[in-house]
Amino acid sequence: MSEKEIITEDNTAVLDEEFTEEVEESQAPDPKEHMLAVLEGLLFLCGDDGLSIQQSSLAMDVDEEYASMLFDDLQKYYLQESRGIEIARFGDKYRFLSKASIHEAAKKLFQTSNEVKLSNAALETLAIVAYKQPITRVEIEEIRGVGADVMLRKLVARGLIQEDGRSEAAGRPILYSVTDEFLDSFKLLSLDELPELPQFGSDESEDGELFHS
């Protein structure tokens, strides 16, 4: 190998090493940004059940004060107008919710199909409203055993349920009932034509088949 080839090879190796160091240094993850990303993923995975500060601190191996700070920062991030979802707190749990600004678009989206295609969880929530109306979100959650806020928003957006006044209970929570569109969608003349009341929460697959016929 000639002296020129040796010099060229050595220079290339040095340049490659310097470039690699610069890339690694520029791409070094910020610890806090990493933890915010982890928290965001945990919130998404928890869905309707929500995520508490205690649960997140245990999952991420951080103290509750730091976890609370991360929740505050993530909430501020999703308050930006450029985001279509937000993080709301119900009791000690945080959950992702769609913003009110997207609801009109959501209605149009759901109205583009003539068929009612709902998940088993949504069908179960809808069945509870149909049988127990007027009913509050908290009462629905007590029956289902999981959070119902997201499901209720989806059903309202589809026009299958509606807000029907407020309960006299503490805090005067919103009451929900089914709509005429619900009856039309499931080819019912009245709620008297509903099948026999199922045992909610015992077998979600059975509840999910309630309105499939």
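This is a short selection-by-selection tour of two sheets, the helices packed around them and a few backbone details. Keep in mind as you click that the model is predicted.

**Stop 1: the first sheet**

Select residues 51–52, 85–90 and 93–98, which are strands 1, 2 and 3. Together these three strands make an open, antiparallel sheet with the order 1-3-2. Strand 1 and strand 2 are the edge strands; each has a single partner, so one side of each has no neighbour in the sheet. Now look at how strand 1 meets strand 3: two bridges join this antiparallel pair. To find the register, pick Ser52, whose bridge partner in strand 3 is Lys93.

**Stop 2: helices lying on that sheet**

Add residues 64–78, helix 4, and you will see this helix lying across strands 1, 2 and 3, at about 140 degrees to strand 2. Next, bring in residues 149–157. This is helix 8, which lies across strand 2 and strand 3 and runs at about 15 degrees to strand 3.

**Stop 3: helix 2 against helix 4**

Keep helix 4 on screen and select residues 31–46, helix 2. At what angle do the axes of these two helices cross? The crossing is at roughly 80 degrees, with the axes coming within 10 Å, which means that helix 2 is roughly perpendicular to helix 4. For the side chains in this contact, show Lys32, Met35, Leu36, Leu39, Glu40 and Leu43 from helix 2, then Tyr66, Met69, Leu70, Phe71, Asp73, Leu74 and Tyr78 from helix 4. Coloured by class, the contact shows 10 nonpolar residues, three charged ones and no polar ones.

**Stop 4: an aromatic pair**

The structure has four aromatic pairs, and one of them is Tyr78 with Phe96. Their ring centres are 5.3 Å apart and their planes stand at 75 degrees; planes over 60 degrees apart count as edge-to-face, so this pair is edge-to-face. Because Tyr78 belongs to helix 4 and Phe96 to strand 3, the pair ties together parts 18 residues apart in sequence. You have already met Tyr78, as it is among the helix 4 residues that contact helix 2.

**Stop 5: the second sheet**

Move on to residues 135–136, 161–166 and 174–178, strands 4, 5 and 6. Here is another open sheet of three strands, ordered 4-6-5 and paired antiparallel. Strand 4 and strand 5 stand at its edges with a single partner strand each, so each has one side without a neighbour in the sheet. Strand 5 and strand 6 run antiparallel and are joined by four bridges; pick Glu163 and look for its bridge partner in strand 6, Tyr176. Helix 6 packs on this sheet, touching strands 4, 5 and 6, with its direction at about 95 degrees to that of strand 6.

**Stop 6: helix 6 and helix 7**

Select residues 120–132 for helix 6 and 137–144 for helix 7: their axes come within 11 Å and cross at roughly 120 degrees, so helix 6 is oblique to helix 7. The crossing is right-handed. Show Ala121, Glu124, Thr125, Ile128, Val129 and Lys132 of helix 6 with Ile140, Ile143 and Arg144 of helix 7 to see the contact. Five of these residues are nonpolar, one is polar and three are charged.

**Stop 7: two backbone details**

Most residues other than glycine have a negative phi, and most peptide bonds are trans. Zoom in on the bond from Gln133 to Pro134, which is cis with omega near -10 degrees; Pro134 sits in the loop between helix 6 and strand 4. Finish at Asp61, a non-glycine residue with a positive phi of about 55 degrees, in the loop between helix 3 and helix 4.

Methods:
Residues are numbered from 1 along each chain as its sequence is written. This is a predicted model: local features need pLDDT of at least 70, side-chain atom pairs count only at pLDDT 80 or more; totals for chains, interfaces and linings use all residues. Side-chain values use heavy atoms; hydrogens and water are left out. Two strands pair if DSSP finds at least two bridges between them. Contact means heavy atoms within 4.5 Å. Axes are lines fitted to C-alpha atoms, for helices over the stretch in contact, and angles run from 0 to 180 degrees between N-to-C directions. Angles under 35 degrees count as roughly parallel, over 145 as roughly antiparallel, 65 to 115 as roughly perpendicular and the rest as oblique. Ala, Val, Leu, Ile, Met, Phe, Trp, Tyr, Cys and Pro count as nonpolar, Asp, Glu, Lys and Arg as charged, and the others, Gly among them, as polar. A crossing is left-handed if the near helix is turned anticlockwise from the far one by less than a right angle, and right-handed if clockwise. Rings of Phe, Tyr and Trp (its six-membered ring) pair if their centres lie within 6.5 Å; planes under 30 degrees apart count as stacked, over 60 as edge-to-face and the rest as tilted.
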